[in-house]
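Please open the structure in your viewer and keep the selection tool at hand. The tour below proceeds stop by stop, stating what to select and what is found there.

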Amino acid sequence: MKGEEKMQDVKEQFVNNIVTKLNPDDETARRLKNLLYMELYDYSLTRIGNTDVAVYEEGANEEAVRMFFIAKNIQGCTPRTIEYYKQTIRAFVEFVQNKPFKLITTNDIRYYLAVKKERDKNSDRSIDNIRRVLSSFFSWLQEEEYIEKNPMLRVKKVRTERYVKKAFKDMEVEKLRQAAKENVRLTALIEVLLSTGCRISEVRGMDVNDIDGDEIVVKGKGKKERIVYLNARARIALEAYIKSRDDDSPALFVTMDKPHSRLEIASMGKDIRDLGAAAGVTDAHPHRFRRTAATMALNRGMPIDQVQIMLGHSSIETTTIYAVSAQETVKSSHKKYLA
């Protein structure tokens, strides 16, 4: 076993022994491990002293990163996803001071995550997102033979709490509808969101020609296409909005002013926040309509696997987060059947 790997194992055993002897609760144990990894990081480590080697490896690092993003682009990742990967990986590379990827250890990764958590006060969800990006990156480096061993293999998933994110109540939906009734574009937007459960990015990408009766073809995450459905209310609102337009833009939702370009996500979000303020509905934002559509579907008996398809989730575990939002239905049923 190489010296650095042996020292890494010794450190891990040392940390685990201390935590085991103290026997704290799970949250305290996790924080204690983070703090110990941070404190032990600079002990018995070999620093790169040869400038020529450092420069050579820094170039190799840059080449590997460049090729990784080319691969991600070929895989069909969206520009938004790639940009997040870039920011995350660049921050890590800067933190380890361009240490050659083949010399990165599990201890380096744990130290970085511990610093992001304890010093920078990142949430558990943010830490796990960083971990997922680094895991994807180092797995690719190993597959492409840039490194021999993947330092992420022993870095475990960060457990995160699931918070119940509330959907709009029926009264709130009606207040929003009333406040938007003089604005045909905004009315069409909220009805499409409520009927389809689409992400706002998916709605932005819709074209007029994507509509076929009560169906719309949308491109979801990873450029995966799926069909979503328009109820009668959404169809009527869309027909009124399209009829009111005097432009030839292919986009379904466009700006009011010429040249009537495709409406941006930020503008949609602002319109909905302003609508919420006008209607007296707090926390009004596009994703809450998606949550509301899912909750309404579940409350009215749609099987969760069908809700998964409607929302475009690759894993049903993601859909269960929305199922948690339907607790009011469980409460109502409990009163009906068990009171």
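Begin with the whole chain: among contacts in the protein (heavy atoms within 4.5 Å) between residues at least 6 apart in sequence, 60% join residues at least 24 apart. The model is a predicted one, in which local features need pLDDT of at least 70 and side-chain atom pairs count only at pLDDT 80 or more, while totals for chains, interfaces and linings use all residues. Residues are numbered from 1 along each chain as its sequence is written, and side-chain values use heavy atoms, with hydrogens and water left out.

Colour the chain by secondary structure. The protein has 15 helices and three strands; helices (H or I, at least four residues) and strands (E, at least two) are DSSP runs, numbered from the N terminus. Of its 339 residues, 40% count as buried. Buried means under 20% relative accessible area, exposed over 50%, and partly exposed in between, with a 1.4 Å probe and protein chains only.

**First stop: the nonpolar cores**

Select Leu189, Val203, Met206, Leu238, Phe253 and Phe289, the residues with the most contacts inside the largest nonpolar core, which has 35 residues. Such a core is a set of buried Ala, Val, Leu, Ile, Met, Phe, Trp, Tyr and Cys residues joined through side-chain atoms within 4.5 Å. Two or more residues each come from α7 (170-180), α8 (184-196), α9 (200-204), β2 (215-219), α10 (232-244) and α11 (265-279). The most is given by α8, with seven residues. Now centre on leucine 189: leaving aside residues up to four places away in sequence, leucine 189 touches Ile200, Val203, Phe253, Met268 and Ile272. Apart from this core lies another, of 29 residues, and Ala64, Ile89, Trp140 and Ile147 are among them. In soluble globular proteins, nonpolar side chains tend to be buried together.

**Second stop: the sheet**

Select the three strands, which form an open sheet in the order β1-β2-β3 with antiparallel pairing. Two strands pair if DSSP finds at least two bridges between them. The edge strands are β1 and β3, each pairing on one side only.

Strand β1 (residues 211-212) pairs with β2 over two bridges, and isoleucine 211 has isoleucine 216 as its bridge partner in β2. These two strands form a hairpin with two residues between them, and glycine 213 in the turn has a positive phi of about 70°. On the other side of the pairing, β2 and strand β3 (residues 225-229) are joined over five bridges; lysine 219 has glutamate 225 as its bridge partner in β3.

Display the side chains next. In a regular strand the side chains alternate between the two faces of the sheet. Along β2, Ile216 and Val218 point to one face and are buried, whereas Glu215, Val217 and Lys219 point to the other and are not. Along β3, Arg226 and Val228 point to one face and are buried, while Glu225, Ile227 and Tyr229 point to the other and are not.

**Third stop: α4 and α5**

Select α4 (79-95) and α5 (106-118). Their axes come within 11 Å and cross at roughly 110°. Axes are lines fitted to C-alpha atoms, for helices over the stretch in contact, and angles run from 0 to 180 degrees between N-to-C directions. The crossing makes α4 roughly perpendicular to α5, a term for angles of 65 to 115 degrees. Thr88, Ala91, Phe92 and Phe95 of α4 make the contact with Asp108, Ile109, Tyr111, Tyr112 and Val115 of α5.

Is lysine 99, in the loop between these helices, buried or exposed? Lysine 99 counts as buried because its relative accessibility is 15%. A polar contact of 2.9 Å joins its side chain to that of aspartate 108; a polar contact is a pair of N or O atoms within 3.5 Å, where within protein one must be able to donate a hydrogen and the other to accept it, and residues adjacent in sequence count only if both atoms are side-chain atoms.

**Last stop: two exposed residues**

Select isoleucine 236 in helix α10. Isoleucine 236 counts as exposed, at 58% relative accessibility. Then select leucine 153, in the loop between α6 (124-143) and α7. Leucine 153 also counts as exposed, at 60% relative accessibility.

Terms used:
Angles under 35 degrees count as roughly parallel, over 145 as roughly antiparallel, 65 to 115 as roughly perpendicular and the rest as oblique.
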